[in-house]
Amino acid sequence: MIRMPKAIVMDTSTLIRSLSTLLSDKTIIPDNGESIHLFTTESVINEVKNRSSKVALQAMLSKISIISPSKPALRIVEKEAEKLGVLGKLSKTDLDVIALAVDISNKYASVYIASEDFALQNVSASLGFKIIAIGRKIRYLISYNKKCKNCGLEYSNDLEQCPACSSKEFSLVVRRRKI
Ligand SMILES: [Zn+2]
């Protein structure tokens, strides 16, 4: 059986602060001798350019494939984020990172998403990706819904008002599922 190598898609926090730790610490990424391909998006690179020295960035760039995600992949990620009620918590760059993982997922045996961001980790895990983080890592998938105080309908956390009765009075329903 041909085993494809591992791929890691990195967000801005990882690229700036923890790439070298990530690659040298074998307890973070299981090492069974497979090569690792590193990916990130153009939007991440643009954020990194604003926050770190050009020299540090140049040193990293030769090792990383920079790809913009496809529109269909972005839609898949947006739908998943809406389902969990966290679309409003994700930046365009966050969405790009997860969508790129969706795009390359059929080419690799395992695709990891490296991020220190909880909302990004949440959506990534919900789509079945493995999470890599130096700091905190989510242990539960968390979804948020609004429950209308007027008519009782449960609706997406990303909506401003109840789609049935237009009331803006709600209580937040939080569900946790062990990963
Ligand atoms: Zn209602």
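Which residues does Ile98 touch, not counting residues up to four places away in sequence? In this predicted model, Ile98 touches Val77, Ile113, Leu120, Val123, Ser124 and Leu127.

Ile98 also belongs to the largest nonpolar core, which has 30 residues and in which Ile8, Val9 and Ile98 are those with the most contacts. At least two residues of this core are supplied by each of β1 (6–10), α1 (12–24), β2 (36–40), α4, α5 (92–104), β4 (110–114) and α6, and the largest share, 7 residues, comes from α5.

The strands β1, β2 and β4 also take part in an open sheet of 5 strands, whose order is β3-β2-β1-β4-β5 and whose pairing is parallel. Its edges are formed by β3 (64–66) and β5 (130–132), each of which pairs on one side only, and the twist from one strand to the next averages 30 degrees. Between β2 and β3 the parallel pairing runs over 3 bridges, and Thr40 stands opposite Ile66 in β3. Helix α5 packs on the sheet, where it touches β1, β2 and β4, and its direction makes about 170 degrees with that of β4.

Helices α4 (residues 71–84) and α6 (residues 118–126) form a contact of their own, since their axes come within 10 Å and cross at roughly 110 degrees, which makes α4 roughly perpendicular to α6. On the α4 side the contact involves Val77, Glu80, Ala81 and Leu84, which meet Asn122, Val123 and Ser126 in α6; by character these residues divide into 4 nonpolar, 2 polar and 1 charged. Two of the names recur from the opening, as Val77 and Val123 are among the residues that Ile98 touches.

Two loop residues can be set side by side.

| Residue | Loop | C-beta neighbours within 10 Å |
|---|---|---|
| Asn150 | between β6 (140–148) and β7 | 13 C-beta atoms |
| Ser166 | between β7 (154–156) and β8 (170–178) | 11 C-beta atoms |

Why is Ser166 counted as exposed? Ser166 has 11 C-beta neighbours inside 10 Å and therefore counts as exposed, the limit for that class being 12 or fewer. The backbone of Ser166 has a positive phi of about 70 degrees, although this residue is not a glycine.

Asn150, by contrast, is partly exposed, because 13 other C-beta atoms lie within 10 Å. Leaving aside residues up to four places away in sequence, Asn150 touches Cys162, Cys165, Ser167 and Glu169. For one of these partners, Cys162, the separation from Asn150 is 12 residues in sequence and 8.9 Å in space, C-alpha to C-alpha.

Notes
Residues are numbered from 1 along each chain as its sequence is written. This is a predicted model: local features need pLDDT of at least 70, side-chain atom pairs count only at pLDDT 80 or more; totals for chains, interfaces and linings use all residues. Axes are lines fitted to C-alpha atoms, for helices over the stretch in contact, and angles run from 0 to 180 degrees between N-to-C directions. Helices (H or I, at least four residues) and strands (E, at least two) are DSSP runs, numbered from the N terminus. Angles under 35 degrees count as roughly parallel, over 145 as roughly antiparallel, 65 to 115 as roughly perpendicular and the rest as oblique. Two residues are in contact if their C-beta atoms, placed from the backbone, lie within 7 Å. Ala, Val, Leu, Ile, Met, Phe, Trp, Tyr, Cys and Pro count as nonpolar, Asp, Glu, Lys and Arg as charged, and the others, Gly among them, as polar. A residue is buried if 20 or more other C-beta atoms lie within 10 Å of its own, exposed if 12 or fewer, and partly exposed in between; C-beta atoms are placed from the backbone. A nonpolar core is a set of buried Ala, Val, Leu, Ile, Met, Phe, Trp, Tyr and Cys residues joined through C-beta atoms within 7 Å. Two strands pair if DSSP finds at least two bridges between them.
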